[in-house]
Amino acid sequence: MTETTVYSGGGLVHIKNPHLGSMEEDILHHLDLGTKTRNLPAVFGDIKFVCVGGSPNRMRAFAQFMHKQLGLAGNGEDLADICAGMDRYTMYRAGPVLSISHGMGIPSISIMLHELIKLLHRKCRDVTIIRIGTSGGLGIKPRTVVITDTAVDSSFKPRFEQVVLDDVVVQSTELDKDLAKELLACSKEISDFPALISHTMCAYDFYEGKGRLDGALCSFSRKKEYLKRAYNAGVRNIEMESTAFAALCGLCGLKAAVVCVALLDRLEGDQIRAPHEVLWEYQQWPQCLIAAFIRKHLRLCSPAGNKLFSTN
C-alpha cells in the first residue's frame, strides 16, 4: 500500500506526470479540447474560479446565473458549451468563472478532473475550485447547506483509496479549512438557509453503498446502526464524489471546497419525497452562496435578484 501526501504551494496548479512533457499534443478527449486545436493558455489563462457539479443542466443554469451576478454584457442565455463536441461533460464560462458538469460518482468526476487540471496547469494561478451539489443529510434538516472540512470514506476515515496497476494508493482527503470557514461566514449574510461545516462521507454507490433499503438489491439489515456511527464520527451528509475530488485537488495544489445541500435526512428515510419545485429551490442555496463568495473576492456589489430559478 502506497500513501501519497498533499502538495500545495505558490498558487500554481501542479501536475505530477513526467510523461506529459514529451508529448507533441495532449488531447483532452472528454472535454473536446486539445493543445493543437485550441490555444488553451489564451482561452483559460485568466480563470480564477472553477465550479463543478453533477448535472449538465444545473451547471449551465449556474453559469447563466453567474453571468448576471458578475454584471457581464448580454443576458447570458446564449452561453456556448465549450465541450459541445462530446457528450460526456458540459463546460461554460462566465468571466473568470468556469462551470463544469462532472456526472455521478468517483470514476466520472476523476476523469473530468484529470483533464481539467491539465488545462488549468498551463497558465492559471490562484485558482479556487468548488464542488456544488446535493446530498443526503445525517441528523440535519433538509435544505441545510453542508460545507465539507474533510471527506471520509465508508469507514469514516479521511482517505481516498485507488487501485493503480496492482498497488493500492492512499491519498489524503482534507480540504482547505480556511476556505471552508470563509464560505461559512459568507452563508451568514444569506438568511434563506442554515449552513454548517462538517465531515462528508463519500460512497461508491447510490443504493447499498449509502445504506439505502430501497434499491434492487439489499444485502444488509443494520442501516440505522451504521448511519448513527457515521453521525457519531462527525459525518453530516453523504454523496459520491468528495474523496476523489479532495485528493486530486490537494495533490495538484488547488484550493478546494465541497458545498452540498441536504435533500433529506437519511436517519428518517431513503426516498426523496419533496416536490420537484422544492428540490429546485434547495439546489439554489449552494449556488447562491458560491456566487456571494465569488462576488466578495472580485469586490462586486450584490445585484438585484439573487435566485437562479422561479419556483412558480
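Glu161 sits in strand β9, which spans residues 159-164 of this predicted model. Strands here are DSSP runs of E with at least two residues and helices are runs of H or I with at least four, both numbered from the N terminus. With a relative accessible area of 34%, Glu161 is partly exposed; the class lies between buried (under 20% relative accessible area) and exposed (over 50%), using a 1.4 Å probe and protein chains only. Although 86 residues separate Glu161 from Ala247 along the chain, their C-alpha atoms are 9.5 Å apart.

Some conventions help in reading these values. Residues are numbered from 1 along each chain as its sequence is written, and side-chain values use heavy atoms, with hydrogens and water left out. Since the model is predicted, local features need pLDDT of at least 70 and side-chain atom pairs count only at pLDDT 80 or more, while totals for chains, interfaces and linings use all residues.

Turning to the interior, the largest nonpolar core holds 41 residues, and Val50, Met91, Leu120, Ile129 and Phe245 have the most contacts inside it. Such a core is a set of buried Ala, Val, Leu, Ile, Met, Phe, Trp, Tyr and Cys residues joined through side-chain atoms within 4.5 Å. At least two residues of this core come from each of α1 (40-44), β4 (49-53), β6 (97-101), α3 (106-121), α6 (242-251) and β13 (255-265). The most generous contributor is α3, with 8 residues. A second, separate core of 36 residues includes Phe49, Met59, Phe193 and Ala257. Back in the largest core, Val50 touches Leu98, Ile100, Leu116, Leu120, Val127, Thr128, Ile129 and Ile130, leaving aside residues up to four places away in sequence; a contact means heavy atoms within 4.5 Å.

Two arginines deserve a look for their backbone angles. Most residues other than glycine have a negative phi. Arg143, however, has a positive phi near 80°, and this residue lies in the loop between β7 (128-137) and β8 (145-152). Its relative accessible area of 30% makes Arg143 partly exposed. Arg299 also has a positive phi, near 60°, and is found in the segment after α7 (276-298). At 78% relative accessibility, Arg299 is exposed.

As for confidence, the protein has a mean pLDDT of 92, and 94% of its residues reach 70 or more; pLDDT is the predictor's confidence in each residue, from 0 to 100. Over residues 4-8, pLDDT stays under 50, and the model has 17 contacts beyond four places in sequence for this stretch. Where pLDDT is low, predicted coordinates should not be read in detail.
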